[in-house]
Amino acid sequence: MTKIKIRKTGVSKKTAKGRAKAVRRPGSNGIVTMIGAAKTSAEYRPKESIFRQGDPAHAVFYLQKGKVQILIVSKQGKEAVVAIHGPGEFFGEGCLTGEPLRLSSAIAIQDSTVIRVEKETMVSLLHNKPAFAEAFMAFLLTRNVQVEADLVDQLFNSSEKRLARTLLMLANIGKEATMERVVPKVSQDVLAARVGTTRSRINFFMNKFRKLGFIEYNGELKVHSSLVNMIVHD
């Protein structure tokens with residue numbers, strides 16, 4: 001593999017390190033502090049909608065706690081889960097590009113605390129608070145990488161591997177290489193919609209993962225970091 005030396009581009013390692021720090025996302029409390037008083041906060045229970053497909057798009061949302069799924073329904077009534085957001089993530093930012101109506105629905109899949117920032121306020125924050133603009137840019141860069149990874153996953157990986165990757169993402173495996181709780185109740189229907197397969201296939205793979213010791217579930221779902229083996233090995 002060819003090694004790339006930063007110094008040959010005229011950028012020092014120290015400068016490159018500084019630039020890398022510039023796009024690191026601050027913690028949830030840091031974002032909330034930067035937003036200030038110009039926001040509203042609401043609590044959502046599982047299956048409650050934050051907004052629905054076709055609603056006017058007037059605000060951006062920030063997930064402080066919980067998990068939210070982004071769902072799209074086709075004209076034929078077919079549903080697809082296109083994203084699952086966790087704490088520290090923005091969603092509904094399409095309104096900043098002139099999107100008049102919501103192209104998707106946002107639904108809580110566990111108890112969630114969601115902060116709403118009106119479009120005009122969000123634009124003002126991006127223009128007047130450089131630290132907030134950098135944090136938001138870091139989020140968008142991470143989102144872009146995630147979308148590309150999802151596309152590769154759908155094109156080249158089996159539904160079994162896609163399920164394994166989804167579970168690892170929900171459990172934040174990679175950030176902490178330990179078994180951790182995903183959600184108290186994660187619906188196999190939600191997993192099927194996210195992975196792009198049937199509920200029966202999800203049930204089959206979940207039983208397989210449990211027999212192999214990769215996951216445990218009894219009222220709550222737990223994931224072992226060893227589930228990574230399903231992705232890296234054929």
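These are my notebook entries on one protein structure, which is a predicted model.

**Entry 1: the whole chain**

I began with the overall counts. The protein has 234 residues, and 37% of them count as buried. Its secondary structure comes to eight helices and eleven strands. I then looked up the contacts with a separation of 6 or more: 73% of these join residues 24 or more positions apart. For the surface I noted about 13900 Å² exposed, with carbon and sulfur atoms supplying 55% of that area.

**Entry 2: salt bridges**

I looked up the charged pairs next. Side chains of opposite charge can pair when their charged atoms come close. The structure holds five salt bridges, and I wrote down three, taken one by one below.

I took R45 and D111, whose side chains meet in a salt bridge at 3.0 Å, N to O. R45 sits in the loop between β1 and β2, and D111 in the loop between β7 (105–108) and β8 (112–118), so the pair ties together parts that are 66 residues apart in sequence. R45 has a relative accessibility of 54% and therefore counts as exposed. D111 is partly exposed, at 39% relative accessible area.

I then took E160 and K208, which form a salt bridge with their closest N and O atoms 2.7 Å apart. E160 belongs to helix α5 and K208 to helix α7 (residues 199–211), so this pair ties together parts 48 residues apart in sequence. Helix α5 covers residues 159–170. Is E160 buried or exposed? I found a relative accessibility of 14% for E160, and the limit for buried is under 20%, so E160 counts as buried. K208, at 32%, is partly exposed. I also listed the contacts of E160, leaving aside its neighbours within four places in sequence: they are F205, K208, F209 and M230.

My third pair was D189 and R199, a salt bridge with the closest N and O atoms 3.5 Å apart. This pair links distant parts of the chain, with D189 in helix α6 (residues 188–195) and R199 in helix α7, ten residues apart. D189 is partly exposed at 47% relative accessible area, and R199 is partly exposed at 45%.

**Entry 3: helices α3 and α4**

How do α3 and α4 lie relative to each other? Helix α3 (residues 119–128) packs with α4 at an angle of about 105 degrees, and their axes are 5 Å apart. Angles of 65 to 115 degrees count as roughly perpendicular, so α3 and α4 are roughly perpendicular to each other. On the α3 side the contact is made by M122, L125, L126 and N128, and on the α4 side by P130, F132, A133 and F136.

I followed α4 to F156, since this helix runs over residues 130–156. F156 counts as exposed, with 66% relative accessibility. Together with L151, V152 and L155, F156 forms a nonpolar patch on the surface, and the four have about 450 Å² of accessible area together.

**Entry 4: two loop residues**

I looked at K47, in the loop between β1 (40–44) and β2 (49–51). Most residues other than glycine have a negative phi. The phi of K47 is near 80 degrees, a positive value in a residue other than glycine. K47 is exposed, at 74% relative accessible area.

My last residue was G88, in the loop between β5 (79–85) and β6 (89–91). At 17% relative accessibility, G88 counts as buried. G88 and K65 are 23 residues apart in sequence, and their C-alpha atoms are 7.7 Å apart in space.

Key:
Residues numbered from 1 in each chain as written. Predicted model: local features only at pLDDT ≥ 70, side-chain atom pairs only at ≥ 80, totals over all residues. Heavy atoms only, no water. Patch = residues over 30% accessible without salt bridge, like charges linked within 9 Å, V, L, I, M, F, W, Y side chains within 5 Å. Areas by Shrake-Rupley, 256 points an atom, 1.4 Å probe, with all protein chains shown as cover. Helix = DSSP H or I, 4+ residues; strand = E, 2+ residues; numbered from the N terminus. Buried < 20%, exposed > 50% of the residue type's maximum accessible area, 1.4 Å probe, protein only. Axes fitted to C-alpha atoms, helices over the stretch in contact; angles between N-to-C directions. Parallel < 35°, antiparallel > 145°, perpendicular 65-115°, else oblique. Contact = heavy atoms within 4.5 Å.
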